[in-house]
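User: Please take a close look at a single part of this model, beginning with one residue and working outward to what surrounds that part. A formal, connected account with explicit cut-offs would be appreciated.

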Amino acid sequence: MNSDLTMNIDLSEIRIPDSELAREITELVRGTQTPLLFHHSSRVYYWGALAGKRRGSKYDPELLYAGPMFHDMGLTHAHSSADKRFEVDGANAARDFLRSHGIGQHDIDTVWTAIALHTTPGIPQYMHPVVALVTAGVEMDVLGLSYGDYSDAEREAVVHAHPRSTHFKENIIQTFYDGIKHKPETTFGNVKADVLADKDPRFIRGNFCSVIRASAWRG
């Protein structure tokens with residue numbers, strides 16, 4: 001941990017777990033994701049852990065670390081499928097990694113769910129703390145939701161450790177687009193349709209009512 005970081009605020013209770021599993025996660029993600037995604041994923045962990053501390057949540061720190069670090073893995077070429085939502089690709093990458101390290105199925109399912117649901121608002125906050133806190137971290141770093149719940153010192157400490165680029169907002173939108181533009185059908189009914197609509201004037205959204213009306217059912 002950078003010594004300057006602890007000068008601003010004590011993050012000792014939420015630092016990255018000191019374990020072989022966490023170190024291997026860091027190494028894998030750093031070597032697979034762009035610097036923008038690596039630092040974003042790392043900040044998501046800290047925002048989620050800070051929210052968990054504030055809420056008094058009980059969870060396994062290794063599982064919470066795995067969720068944020070893999071949550072955007074589906075945007076990378078190495079882990080992007082041709083026909084699955086990027087959230088599912090990331091969840092599957094985490095599942096395979098954790099399974100190869102002997103993590104139990106129940107814990108794997110928790111991390112898988114946290115990643116798969118991180119762009120589905122209104123549901124994760126009622127689930128397991130790892131699921132809820134991954135989404136809370138994502139929403140803070142990308143959308144700025146609950147920005148005011150974090151102190152200036154907390155925000156400065158996290159961004160000092162994992163810098164947020166000057167043009168992060170536009171860069172992350174572009175990164176989302178680059179990671180999903182080859183499979184627009186996977187954005188039906190989820191927030192990433194907004195990304196395609198923003199970047200591609202030719203994109204036509206799937207329409208829930210149109211699917212109902214065009215189904216094979218009579219009536």
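Analyst: Glu20 has a relative accessibility of 47% and so counts as partly exposed; buried means under 20% relative accessible area, exposed over 50%, and partly exposed in between, with a 1.4 Å probe and protein chains only. The model is predicted, so local features need pLDDT of at least 70 and side-chain atom pairs pLDDT 80 or more, while totals for chains, interfaces and linings use all residues. Residues are numbered from 1 along each chain as its sequence is written, and side-chain values use heavy atoms, with hydrogens and water left out.

Glu20 belongs to helix H2, where helices are DSSP runs of H or I with at least four residues, numbered from the N terminus. From Glu20 to Asp149 the separation is 129 residues in sequence and 32 Å in space, C-alpha to C-alpha. Helix H2 covers residues 20–32, and its 13 residues should span 18 Å at 1.5 Å a residue, in agreement with the 18 Å between its end C-alpha atoms. The expected span is 1.5 Å times one less than the number of residues.

Which residues of H2 are buried? They are Leu21, Ala22, Ile25, Thr26 and Val29. Viewed down the axis of H2, these buried residues fall within an arc of 135°, so they line one face of the helix; the arc is taken from the directions between the helix axis and the C-beta atoms. An α-helix has 3.6 residues a turn, so residues three or four places apart point the same way. Glu27, Arg30 and Gly31 are exposed on the face of H2 turned away from its buried side.

The cover over the buried residues of H2 includes helix H3 (35–55), helix H4 (61–70) and helix H5 (86–100), by contacts between heavy atoms within 4.5 Å. Of these, H3 is itself mostly covered, with 15 of its 21 residues buried. At 1.5 Å a residue H3 should span 30 Å, and its end C-alpha atoms are indeed 30 Å apart. Just after H3, Gly56 adopts a positive phi of about 75°.

For wider context, another backbone feature is found at Ser146, which has a positive phi of about 60° although it is not a glycine. Ser146 sits in the loop between H7 and helix H8 (152–161) and is partly exposed, its relative accessible area being 32%.

Leu196, in contrast to a partly exposed site, is buried at a relative accessible area of 3%; Leu196 is part of helix H10. Not counting residues up to four places away in sequence, Leu196 touches Tyr177, Ile180, Lys181, Pro184, Thr187 and Phe203. Of these contacts, Pro184 is 12 residues from Leu196 in sequence and 7.5 Å from it in space, C-alpha to C-alpha.

Methods. Helices (H or I, at least four residues) and strands (E, at least two) are DSSP runs, numbered from the N terminus.
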